[in-house]
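Visitor: I am new to reading structures, and I would like to look closely at one part rather than hurry over everything. Could you take me through how a pair of helices packs, and then show me what else can be read in the same careful way?

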Amino acid sequence: MAHEAHAATHARTLPANLGAPSFVDGWKARALMVGVIFSVIAALLAFADGSIEHVLRAWVLGLMMTFGFAVGGLTLLMVQYVSGGKWGLLLRRPLEAMSRTLPLVFAYWLVVAFEMKKLYLWAQVSDVAAALKSGLINEAQAHAIEFKRPMLNPGAFVWVSLLCFAIWAFYSWRLNTLGLQRDSDSEANTPYWIKRMENISGPGIVVYSLTMTAAVIYWVMSMDPTWYSSVYGLLFLVGQGYSVLALSIIIAIGLSKAEPFKTLLRQTEQHDLGKFTFAFVMLNIYLAFAQFLIIWSGNLPEEIPWYLDRIRGHWGVIITLDFMFHWLIPFSLLLSRDIKRNKKRLVHVCQWMLFAKAFDLFWLIEPNYKDAARNLHFSWGILEYAAVPAAMIAFWVAFFCTRLQARPLVQTNDPHLAEILEPEHAHA
Amino acid sequence: MPAREGTYGLLAEFDTPGDLIRAAQQARQDGWRRMDCYTPYPVEEAAEAIGFHRNKVPLVTLVGGLMGLAAMFSLETWISTLAYPLNIAGRPTYSWPAFIVPAYEWTILWAGLSAAFGMMALNGLPSLYHPLFNAPNFRDGATTDKFFLCLEALDPKFDAVETKAYLQAFQPQSVVEVEY
């Protein structure tokens, strides 16, 4: 009894206005400005390079980053509906907002679909024998393109992608609509809503793992038609967890400068999110290294060239930096409890992680092309990898801000809300 | 070590963590240093309230982990290059990718063992006797639902009568004197 009375005296109250704070408009304006500036830079670089090739390759990088935020956000939303936890209540609305940016990601994807021939060797080559004779492709590529034709052809690329987008849009629409209905319902129905969200999200995660595996195989892995890896989808899945959590922490801490997140973001939940991110940093390197170790051990002529393309010819420098940027630095920093509990420092680590993710994608994408494989060299075009994704992500952030402003920032019909308003030591 | 005699300290019993923390914060502010909190589950604010300082367990863990890493990686390198330089599928004898997994496992093993044994070494566990076991309410409540603050006699501010009155002012359930 005494405990409850005490908790009541120290509990904080939920702010009256749960809308997004006014500075989100500032974020939007800044993001738009950054987007425009980098678009201009990207255009200038394309002129200096005299080719659109690198713009398109960098476009895929930008697509994968924003796709990770939008659809990865949807998945993390489903994961937290299934797992529960106070960290999830905190992130629910920001994650919903991420999932509602899917139309922009679809628009980004359309460019890839229309420019398929410049990006994918299998789309470019219709007559394998002629291409082989003219030296455009080698024998291994000719064999792979011919053998994989039922899967790797422009029609399949478009239809599979459209089907995936339709499924993601369905889940995004369903969870977003029900999220609002849940809030307008009475508290007596909360258990029903918890079950309902769980029942949608559980199968949703399974469906998502399959559809996103198909999507990344088509969009990224098939840039090299000869190579395959069974862990590829999972690698991107974990990568999305990595980048979505980093982005969510940046957003939650950014929002905590004003109500309602000022009251809601406690140090305990921030620390929990930091630990969760740490787990993804670990899982990410675990899968990436497992893939490397298995292919290195097998040492098969079908598989090993993919790594050699990415190690020889100065690419070794990039993979070494990638290892440090992507794993060593976030791992070492996130080990520290103090950094996880310090708002400013945790935000810096998360910003670094987003950069590292883009750097990793650069290492995955660029060596797929003949001019760059085993030959890392400077061209104006290679700078597109900084300019194009920066512009695409900036426009995505602006769009995300409008989505964030569309709804209250907290879901109120949830038993965790009372707990998150308690003083931290009541259950620490 | 000669057997200690006399008063170990005064033990105040609280029903809630909040009351304990308020009392502990006030006592620290009033200049108390030789004191400790006892709770049935970890209450981080209690540690902060009595000015808990950093310990060396993280350092011991880090050093242990790095030692494990270095030990296993060197062992594998020595075996593969010097002791038994076998030709395995034409690979170089120094094939570091294959060494990573055992080296990683040893890092974790050594870090974990260092954390566990380092913690024990630094906090004096296992300890078979503690003066607070003499207080019946401590024996009954410390592991279930009571929160204790002990002001120890070693603190220069300690005075059997005044300190008791001081603790009473926090309105605890009880204040008892504990013998060594």
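**Two packed helices, and what lies beyond them**

Guide: In this model, helix H5 of chain A, residues 102-114, packs with helix H10 of chain A, residues 154-184, at an angle of about 175°, and their axes are 11 Å apart. Please keep in mind from the start that the model is predicted. Two packed helices are described by the angle between their axes together with the distance between those axes. An angle over 145 degrees counts as roughly antiparallel, and H5(A) and H10(A) are therefore roughly antiparallel to each other. On the side of H5(A), the contact is made by Leu102(A), Phe106(A), Trp109(A) and Ala113(A), while H10(A) brings Val158(A), Ser161(A), Phe165(A), Trp168(A), Ala169(A) and Ser172(A). Sorted by class, the contact of H5(A) with H10(A) has 8 nonpolar residues, 2 polar ones and no charged ones.

From this pair we can turn to the nonpolar cores. The largest nonpolar core has 104 residues, and of these Leu61(A) and Ala391(A) touch the most other members. Helix H3 of chain A, residues 53-83, gives the most to this core, with 17 residues. If we leave out residues up to four places away in sequence, Leu61(A) touches Ala358(A), Leu361(A), Phe362(A), Ile365(A), Tyr385(A) and Pro389(A). There is also a second, separate core of 26 residues, which includes Ala24(B), Trp32(B), Ala46(B) and Phe148(B).

Chain B also holds a sheet that rewards a slow look. It is an open sheet of 4 strands in the order E2-E3-E1-E4, and the pairing is antiparallel. Its edge strands are E2, residues 35-38, and E4 of chain B, each of which pairs on one side only. From one strand to the next, the twist averages 20°. Helix H1 of chain B, residues 17-29, packs on the sheet and touches E1, E2 and E3 of chain B, and its direction makes about 20° with that of E3(B). Helix H6 of chain B, residues 160-168, packs on the sheet as well, touching E1, E3 and E4 of chain B, with a direction that makes about 15° with that of E1(B).

Within the sheet, strand E1 of chain B, residues 7-14, is mostly covered, since 7 of its 8 residues are buried. E1(B) pairs in the antiparallel sense with strand E4 of chain B, residues 174-179, over 6 bridges, and with strand E3 of chain B, residues 147-152, in the antiparallel sense over 6 bridges. Leu11(B) lets you follow both pairings from one residue, as its bridge partner in E4(B) is Val176(B) and its bridge partner in E3(B) is Cys150(B). Another residue to find is Thr7(B), which stands opposite Glu179(B) in E4(B).

Finally, let us return to chain A for a residue in a loop. Ala258(A) lies between helix H12, residues 232-255, and helix H13, residues 261-264, of chain A. With 15 other C-beta atoms within 10 Å, Ala258(A) is partly exposed. Leaving aside neighbours within four places in sequence, Ala258(A) is in contact with Pro21(A) and Phe23(A). Ala246(A) is 12 residues apart from Ala258(A) along the chain, and the C-alpha atoms of these two residues are separated by 20 Å.

Note on methods:
Residues numbered from 1 in each chain as written. Chains lettered and ligands numbered in written order. Predicted model: local features only at pLDDT ≥ 70, side-chain atom pairs only at ≥ 80, totals over all residues. Axes fitted to C-alpha atoms, helices over the stretch in contact; angles between N-to-C directions. Helix = DSSP H or I, 4+ residues; strand = E, 2+ residues; numbered from the N terminus. Parallel < 35°, antiparallel > 145°, perpendicular 65-115°, else oblique. Contact = placed C-beta atoms within 7 Å. Nonpolar A, V, L, I, M, F, W, Y, C, P; charged D, E, K, R; others polar. Buried ≥ 20, exposed ≤ 12 C-beta atoms within 10 Å, placed from the backbone. Pairing = 2+ DSSP bridges. Core = buried A, V, L, I, M, F, W, Y, C linked by C-beta atoms within 7 Å.
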